[in-house]
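This briefing gathers notes on charged pairs, a polar contact and a surface patch. Please read it alongside the sequence and the coordinates shown below.

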Amino acid sequence: MRCRNKLLTNNLLSEWEPTIFDCLGIVAIGRNEGERLQVCLRSLLQQVADCPVVYVDSGSTDGSQAFAEGIGVHVVNLDTSVPFTAARARNQGMARLLEIEPNLRWIQFLDGDCDLLQNWLPTALDSLSLDRQLAVVCGRRRERYPNATYYNALIDQEWDTPKGKAKACGGDALFRAEALHAVGGFDETMIAGEEPELCYRLRQAGWQIERIDVEMTLHDANITSFSQWWKRAMRYGWTLAEGVWRYGHTMERYNVRPLARTLFWSVVLPVGIAILCLVLPHAWLMLLFYPLQAARVALREYRSGIPLRLACLGSGLTLACRWAELLGIMRFAVSRLRSRPQTLIEYK
């Protein structure tokens with residue numbers, strides 16, 4: 001079967017030549033996303049026609065599967081006897097797409113709490129079709145409710161990454177199916193950080209990743225408490241540790257610098273101050289390095305255009321959560337030493 005996808009943009013039907021744009025498939029993943037998933041899937045069906053859309057569910061109990069099937073989306077239910085990971089969900093979604101349409105050339109992945117924006121697909125597909133070295137194209141992800149909480153506002157700033165060639169993408173991105181196949185897809189054993197890990201392998205295989213200056217998705221972080229932010233930082237710490245364990249020895253020194261930064265602020269500096277306090281009565285004054293570091297980062301962020309209050313809050317939370325990252329690093333280390341199954345670190 002030869003694909004001929006149609007895309008709905010600005011209420012006009014544009015039919016693309018299959019020699020350039022065949023074939024597009026979409027994979028959305030989620031678990032108990034509720035209304036967020038409904039918005040996500042409706043946004044897809046409003047924009048594309050004759051395009052397979054697969055929703056991969058990780059054990060939802062809120063009726064997500066029935067809703068997706070009811071609006072004509074293909075549904076894959078992950079086996080509950082195997083630990084859930086986003087990587088596993090994306091791989092199974094991709095496998096189902098290829099069963100439906102073996103000649104797929106492009107696969108758009110997105111999370112079930114995201115809404116795909118109107119102008120994204122035409123621009124992203126143009127970028128991939130014009131540059132054969134590109135494996136992945138991603139754009140600007142925005143928070144749907146950035147003013148709901150300071151945490152949401154900080155995440156919205158976090159998504160504002162530099163444009164151009166990049167080392168990694170996030171969970172929302174348009175992939176070249178050929179490139180995914182060449183490197184074996186996502187690593188299903190990873191509980192976090194599976195996208196940058198995949199991008200590392202793609203880059204090692206000679207492919208490139210690019211962030212383009214286009215609005216891509218609306219995301220609903222829905223972080224309302226410090227405990228959620230803390231768990232998110234723990235997950236990041238796990239990601240750093242696993243990245244170093246896998247590829248830290250390579251020429252790129254994958255994740256070595258950010259992990260070293262975490263260890264410095266959470267272990268090296270406080271332990272060093274404690275030891276010095278045994279021999280130097282005023283060594284405790286070195287604790288001022290923490291507020292000075294927070295002020296330095298806040299000033300840098302403020303100069304880049306971030307509001308001062310948000311810059312100060314962000315720098316303070318980042319520094320405070322170095323210990324959460326340390327817990328994530330330790331949790332990974334214990335998991336490796338005891339050969340325990342890896343379980344998700346969920347924050348919402």
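Glu242 is buried, with a relative accessible area of 1%, in what is a predicted model. The side chain of Glu242 meets that of Arg246 in a salt bridge, with N to O at 3.1 Å, and Arg246 is likewise classed as buried, because its relative accessible area of 17% falls under the 20% cut-off. The points below take up this pair again and then turn to other parts of the chain.

**Salt bridge within a helix**
- Glu242 and Arg246 both belong to helix α9, which covers residues 226-247, and they are four residues apart, or about one turn of the helix.

**Salt bridges between separate elements**
- In total, 22 salt bridges are counted.
- One of them joins the side chains of Asp111 and Arg90, at 3.0 Å from N to O; since Asp111 lies in strand β7 (residues 106-111) and Arg90 in helix α4 (residues 86-100), the pair ties together parts that are 21 residues apart in sequence.
- Both partners of this bridge are buried, Asp111 with a relative accessible area of 17% and Arg90 at 2% relative accessibility.
- Another salt bridge is formed by Glu178 with Arg132, whose closest N and O atoms are 3.1 Å apart, and it links distant parts of the chain, given that Glu178 is in helix α7 (residues 177-183) and Arg132 in the loop between α5 (120-130) and β9 (134-143), 46 residues apart.
- Here both partners are partly exposed, Glu178 at 42% relative accessibility and Arg132 with a relative accessible area of 47%.

**A buried polar side chain**
- Gln47 is placed in helix α2, which spans residues 35-47, and it is buried, with a relative accessible area of 1%.
- The side chain of Gln47 reaches the backbone oxygen of Leu116 at a distance of 2.6 Å.

**A nonpolar surface patch**
- Trp284, Leu285, Leu287, Leu288, Phe289 and Leu292 form a nonpolar patch on the surface, and together they have about 600 Å² of accessible area.
- Within this patch, Leu287 sits in the loop between α10 (256-277) and α11 (289-303).
- Why does Leu287 count as partly exposed? Its relative accessible area is 44%, and the partly exposed class covers values between the 20% limit for buried and the 50% limit for exposed residues.

Terms used: Residues numbered from 1 in each chain as written. Predicted model: local features only at pLDDT ≥ 70, side-chain atom pairs only at ≥ 80, totals over all residues. Heavy atoms only, no water. Patch = residues over 30% accessible without salt bridge, like charges linked within 9 Å, V, L, I, M, F, W, Y side chains within 5 Å. Areas by Shrake-Rupley, 256 points an atom, 1.4 Å probe, with all protein chains shown as cover. Salt bridge = Lys/Arg side-chain N within 4 Å of Asp/Glu carboxyl O. Helix = DSSP H or I, 4+ residues; strand = E, 2+ residues; numbered from the N terminus. Buried < 20%, exposed > 50% of the residue type's maximum accessible area, 1.4 Å probe, protein only. Polar contact = N/O pair within 3.5 Å; in protein donor to acceptor, adjacent residues only side chain to side chain.
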